[in-house]
Amino acid sequence: MNQVSQVFEKYLQYVKRFSRYKNPDAVRQVREYPLFFHIILSRHQLTEFELCVLGNLCPETAEEAVA
């Protein structure tokens, strides 16, 4: 496999991995609802960065999120 094909394959895998959020309206509503973020951040003592990382990693269980 040549270099371009390897890069493309890695890019395709990345895009497929993070394509879970398919409804733009739902994503927009969550991002535009500041109270939602405040509640999650304070209840679970997460920083904004940690919340974003969890959203990107898409853990399926709490144990997976902590690991």
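The protein has a radius of gyration of 16 Å, whereas a compact globule of 67 residues would have one near 11 Å; this radius is taken over C-alpha atoms, and the globule rule is 2.2 Å times the number of residues to the power 0.38. The structure is a predicted model, in which local features need pLDDT of at least 70 and side-chain atom pairs count only at pLDDT 80 or more, while totals for chains, interfaces and linings use all residues. Residues are numbered from 1 along each chain as its sequence is written, and side-chain values use heavy atoms, with hydrogens and water left out.

Along its principal axes, the C-alpha trace spans about 50 × 30 × 20 Å. The protein holds five helices and zero strands, and its elements run α-α-α-α-α from the N terminus on. Helices (H or I, at least four residues) and strands (E, at least two) are DSSP runs, numbered from the N terminus.

Turning to the surface, buried residues account for 6% of the 67 residues, where buried means under 20% relative accessible area, exposed over 50%, and partly exposed in between (1.4 Å probe, protein chains only). About 6200 Å² of the protein is exposed, and carbon and sulfur atoms supply 60% of that area. Accessible areas come from the Shrake-Rupley method with a 1.4 Å probe; for residues, only the protein chains shown count as cover.

Phe 8, Tyr 11, Tyr 14, Val 15 and Phe 18 make a nonpolar surface patch of about 540 Å². Patches are made of residues with over 30% relative accessible area and no salt bridge, with like charges joined within 9 Å and nonpolar side chains (Val, Leu, Ile, Met, Phe, Trp, Tyr) within 5 Å; a salt bridge is a side-chain nitrogen of Lys or Arg within 4 Å of a carboxyl oxygen of Asp or Glu. Of the patch members, Tyr 14 lies in helix α1 (residues 3-17) and counts as exposed because its relative accessibility is 53%.

Further along the chain, Gln 45 sits in the loop between α3 (34-43) and α4 (48-57). Although not a glycine, Gln 45 has a positive phi of about 50 degrees. Most residues other than glycine have a negative phi. With 72% relative accessibility, Gln 45 counts as exposed.

Val 53 belongs to helix α4 and, at 29% relative accessibility, is classed as partly exposed. Between Val 53 and Ala 65 there are 9.7 Å in space, C-alpha to C-alpha, and the two are 12 residues apart in sequence.
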